[in-house]
Amino acid sequence: MSNQSWRDFHRAAGFYGSLIVDLEHGEKEPFAYDGELSIILNDWWHRSMYDQETGLFAIPFRFVGEPQSLLIEGRGRYNCSLVPSGSVAGSGDCVNCNSSNPQCQPYILPVEPGKTYRLRITSVASLSSLNFILEGHNMTIVEADGYSVDPVVVENLDVYSGETYSVLFTANQNPSRNYWAAVSVRGRNPATPTGLALLNYLPNPSSLLPSTPSPVSPVWNDFDYSLNQSKLIVARKGYEVPPPPKPDRQLIFLTTQNKVNDRIKWAINNVTYVPTSTPVLAALKYGLKKAYDSIPPPDYPARPFNISGPPANPNATVGSGVYTFQFGSVVDVILQNANTLNPNNSEIHPWHLHGHDFWVLGYGKGIFDPATDPQSYNLKNAPLKNTVPVFPYGWVALRFRADNPGVWPFHCHIEAHFHMGMGVIFAEGWDRLPKLPKSILGCGLSKYL
């Protein structure tokens with residue numbers, strides 16, 4: 001495994017935080033509120049990240065498995081009686097389990113009755129699609145991935161790894177009690193208890209826990225519910241620019257689970273990505289063609305293909321090719337989801353693009369038809385995002401302008417999937433960059449520059 005992939009797994013071990021970018025001086029949000037709150041959602045394993053990652057490359061394959069806890073702002077819960085007997089605390093099998101630890105108490109969201117709050121929600125989950133609920137309170141979605149969207153009232157919100165949302169809610173319930181804020185697993189058969197925080201109606205003490213049970217999210221495999229909620233997110237009129245009317249280039253990416261040398265991998269158009277030891281930016285900037293696969297990766301999957309069952313030939317190839325774009329060109333990417341190696345199984349994949357935001361043009365079920373499906377694209381008020389889910393046995397279409405000089409990963413934001421090859425590299429305008437600093441040239445062939 002590469003050193004880079006090992007370092008990336010730190011997110012699963014809790015190395016993350018919020019970065020809030022304020023509006024420029026004099027600008028105003030298109031919505032009003034009295035106070036602001038912020039939370040990060042995450043899933044957590046009681047095993048070391050090294051143990052999780054080595055299993056992904058092992059024969060036989062060992063998946064990371066379902067998380068033991070769901071966290072809201074770093075706080076979660078776990079039934080200590082479930083710790084395997086004979087485990088040594090801190091050994092990698094488990095951590096010290098003490099349910100009375102103050103860190104296991106729910107995170108507190110303090111509110112004053114009658115006031116409206118902006119709640120910023122971010123998911124940095126390593127595996128799980130999540131659903132967030134404020135017990136007894138509706139939420140109005142007003143922002144997604146940093147862009148204003150038409151207000152949408154929801155009772156609960158699906159949040160995929162890498163996504164950020166702002167919702168408004170009013171503390172308009174019975175002020176004599178407190179309420180649960182809850183996060184549950186979506187898209188996978190849940191084996192993890194609901195994560196809980198406390199919506200604390202002041203001046204009630206934070207020790208006043210609700211007597212009500214944990215709020216219940218929609219059924220984990222109600223994918224139509226999730227798809228329909230994603231379709232509700234559109235750009236707010238007058239605040240975001242519409243997408244360019246047509247692309248200069250179209251890519252169709254078939255995402256499949258495959259095998260390479262008996263190891264389970266993920267692949268794009270039958271190629272599983274393997275990172276290079278030389279930074280791709282340095283390789284392109286200084287013409288180090290031996291540092292990466294110079295054969296361009298495929299724009300389209302081999303046809304015909306079947307998405308409803310495991311691939312007839314599960315074997316994939318490996319590659320480190322780069323998709324290069326003319327600077328300023330408009331690119332469409334269609335992500336086509338398929339069956340895994342297991343029968344009757346397809347998964348949600350949240351895809352994230354570095355260095356760009358993109359317009360989400362539309363979603364669909366089944367196999368994308370390049371002749372007819374673009375006719376249904378939303379070219380009027382497509383939302384701008386940097387992360388988008390593709391749902392089981394379906395597709396999603398996005399459009400972006402290749403106008404940011406550099407080299408940019410585009411990958412599934414599920415940590416294990418990216419490590420198993422579910423990603424590609426986009427590049428444009430690298431010749432416009434100044435001389436690269438020595439500090440990024442210490443690996444592979446670039447260390448000889």
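# Working through a predicted chain

Of the 449 residues in the chain, 51% are buried. Keep in mind that this is a predicted model. Here are some exercises to get you started.

**Exercise 1.** Find out how many helices and strands the chain has, and why it counts as being as compact as a globular protein of its length.

*Solution.* Start with the elements: there are five helices and 24 strands. Next, take the radius of gyration, which is 23 Å, and set it beside the 22 Å that the globule rule gives for 449 residues; the two are close, so the chain is as compact as a globular protein of that length. For the outer dimensions, the C-alpha atoms fill a box of roughly 65 × 60 × 50 Å along the principal axes. Finally, look at the contacts with a separation of 6 or more: 80% of them are between residues 24 or more positions apart.

**Exercise 2.** Describe the surface and the charges of the chain.

*Solution.* First the area: about 20,600 Å² is exposed, and carbon and sulfur atoms supply 53% of it. Then count the charged side chains, which come to 34 positive and 37 negative. The centres of these two sets lie 5 Å apart.

**Exercise 3.** Work out what kind of aromatic pair Y179 and Y201 form, and which parts of the chain it ties together.

*Solution.* The structure holds 15 aromatic pairs, and Y179 with Y201 is one of them. Their ring centres are 5.2 Å apart and the planes meet at 55°, which makes the pair tilted. Now place the residues: Y179 belongs to strand 10 (residues 179-186) and Y201 to strand 11 (residues 195-201), so the pair ties together parts that are 22 residues apart in sequence. Check the burial too: buried means under 20% relative accessible area. Y179 has 5% relative accessibility and counts as buried, and Y201, at 0%, counts as buried as well.

**Exercise 4.** Classify the ring pair of F368 and W395, and say where each residue sits.

*Solution.* The ring centres of F368 and W395 are 5.0 Å apart. Their planes stand at 80°, and over 60 degrees counts as edge-to-face, so that is the class of this pair. F368 sits in the loop between strand 19 (358-365) and strand 20 (384-385), while W395 is in strand 22 (residues 394-401). That is a link between distant parts of the chain, 27 residues apart. F368 is buried at 2% relative accessible area, and W395 is buried at 4%.

While you're looking at rings, try picking out a cluster linked by ring pairs: F253, Y323, F325, W351, F400, F410 and F426.

**Exercise 5.** Locate P203 and P304, and describe the peptide bond that leads into each.

*Solution.* Go to P203 in the loop between strand 11 and helix 3 (223-231). The bond from L202 to P203 is cis, with omega near 10°. Then move on to P304, in the loop between helix 4 (280-285) and strand 15 (317-319). R303 and P304 are joined by a cis peptide bond, with omega about -5°.

**Exercise 6.** N269 and Y393 each have a positive phi. Is each residue buried or partly exposed?

*Solution.* Take N269 to begin with: its phi is near 50°, and its place is the loop between strand 13 (263-268) and strand 14 (271-273). At 8% relative accessibility, N269 counts as buried. Turn to Y393, whose phi is near 55°, in the loop between strand 21 (387-390) and strand 22. Y393 has 27% relative accessibility, so it counts as partly exposed.

Note on methods: Residues numbered from 1 in each chain as written. Predicted model: local features only at pLDDT ≥ 70, side-chain atom pairs only at ≥ 80, totals over all residues. Heavy atoms only, no water. Helix = DSSP H or I, 4+ residues; strand = E, 2+ residues; numbered from the N terminus. Rg over C-alpha atoms; globule rule 2.2 N^0.38 Å. Buried < 20%, exposed > 50% of the residue type's maximum accessible area, 1.4 Å probe, protein only. Contact = heavy atoms within 4.5 Å. Areas by Shrake-Rupley, 256 points an atom, 1.4 Å probe, with all protein chains shown as cover. Lys, Arg positive; Asp, Glu negative; His and termini not counted. Charge placed at Lys NZ, Arg CZ, Asp CG, Glu CD. Phe/Tyr/Trp six-rings, centres within 6.5 Å; stacked < 30°, edge-to-face > 60°.
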